[in-house]
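This report concerns a bound ligand and the pocket around it. Please look at the structure first.

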Amino acid sequence: MTVCKALTIAGSDSGGGAGIQADLKTFQELNVYGMSALTAVTAQNTLGVHGVYPLSVEAVEKQIEAIGEDMGTDALKTGMLFSSEIIRAVAKQIEKYRWEKVVVDPVMIAKGGASLLQEEAIQAMKEVLLPLAMVITPNIPEAEVLADMNIRNLEDRKIAAEKLYHAGVKNVVIKGGHVNDGDELINLLFDGNDFTYVKSSRISTKNTHGTGCTFAAVMTAEIAKGQTVQQAVETASAFVHAAIEQDLHIGNGHGPTNHWAFKQGPLHEKEHQ
Ligand code: PXL
């Protein structure tokens, strides 16, 4: 049996809903062996981010090297990278190991508004990381920053996707979760030739913490297995939809989603008590 492997280079969310915790849970659900290189630790719960503690560039490099020198990976994703120094170090390692199945989730701001990427790091992300990306998965506010334009409708989203493609990214997915345009949610994929709309129904809830990380983690796991980018977007949309639909009611703020819902369906609460 050959086992598929995926690596997440991202921050820790102590609350377990986003960051590497979301990534590793998602990899596991999809039968992919998960590995991680931590970039920063956040002290966080459903009410917000209470502290951000970046790791040293050396610590990030060493973790990636440890994997590159021994285990290798079939695909990787980047999440919270925090600083331009960490971005440059991560890009260098991706080049060193010639990793090509690279999913970049350009994490910038947490749900409550806390910054997970320093302002000056945006330029580094555009310069050194986007050209290495097989796929980038921004939400609309992130796409606005990276493409340097306002996105008011689907036409604008297509223009932003084209701009990001021309910045060197092979496939651009601009997710539709952050617009209120009715019952239909459209995740837009642009591969340099065609636009594909991957549709699902919108669910109204405040419990969406970690959906961006989870979406990119599904894509990474599916790409690790050899699925196409379009298939990966379809699975990611279905996985996140199930995770939101069957949420867990944990915490008093923006709650996490249910990472086992896609595979296992709803858990009957407290059935063992
Ligand atoms: O969802 C973005 C995100 C990514 N990574 C970490 C986070 C968050 C959101 O809070 O905490 C570590």
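How many nonpolar, polar and charged residues does the shell around the ligand have? The model is predicted, so local features need pLDDT of at least 70 and side-chain atom pairs 80 or more, whereas totals for chains, interfaces and linings use all residues. Residues are numbered from 1 along each chain as its sequence is written, and side-chain values use heavy atoms, with hydrogens and water left out.

The table answers for the shell and adds the lining of the largest pocket, with Gly counted as polar.

| Set | Nonpolar | Polar | Charged |
|---|---|---|---|
| Shell around the ligand | six residues | five residues | one residue |
| Lining of the largest pocket | 17 residues | 22 residues | seven residues |

The residues surrounding the ligand (a heavy atom within 4 Å) include Asp13, Gln44, His209 and Cys213. In the side chain of Gln44, an N or O atom lies 2.6 Å from an oxygen atom of the ligand. Of the 310 Å² that the ligand exposes when taken alone, the protein buries 92% (Shrake-Rupley method, 1.4 Å probe). Strand 1, residues 5–13, gives the most to this shell, with three residues.

The largest pocket holds about 980 Å³ of space, and its lining comprises 46 residues, among which Lys111, His178, Thr208, Thr211 and Gly212 lie nearest the centre. A pocket here is an open set of points on a 1 Å grid over the protein atoms alone, where a 1.4 Å probe fits, with protein on both sides within 12 Å along at least five of seven lines; lining residues have an atom within 4 Å of a point.

How values were computed: A polar contact is a pair of N or O atoms within 3.5 Å; within protein, one must be able to donate a hydrogen and the other to accept it, and residues adjacent in sequence count only if both atoms are side-chain atoms. Helices (H or I, at least four residues) and strands (E, at least two) are DSSP runs, numbered from the N terminus. Grid points are joined across faces, edges and corners, and a volume is the space filled by probe spheres set on the points.
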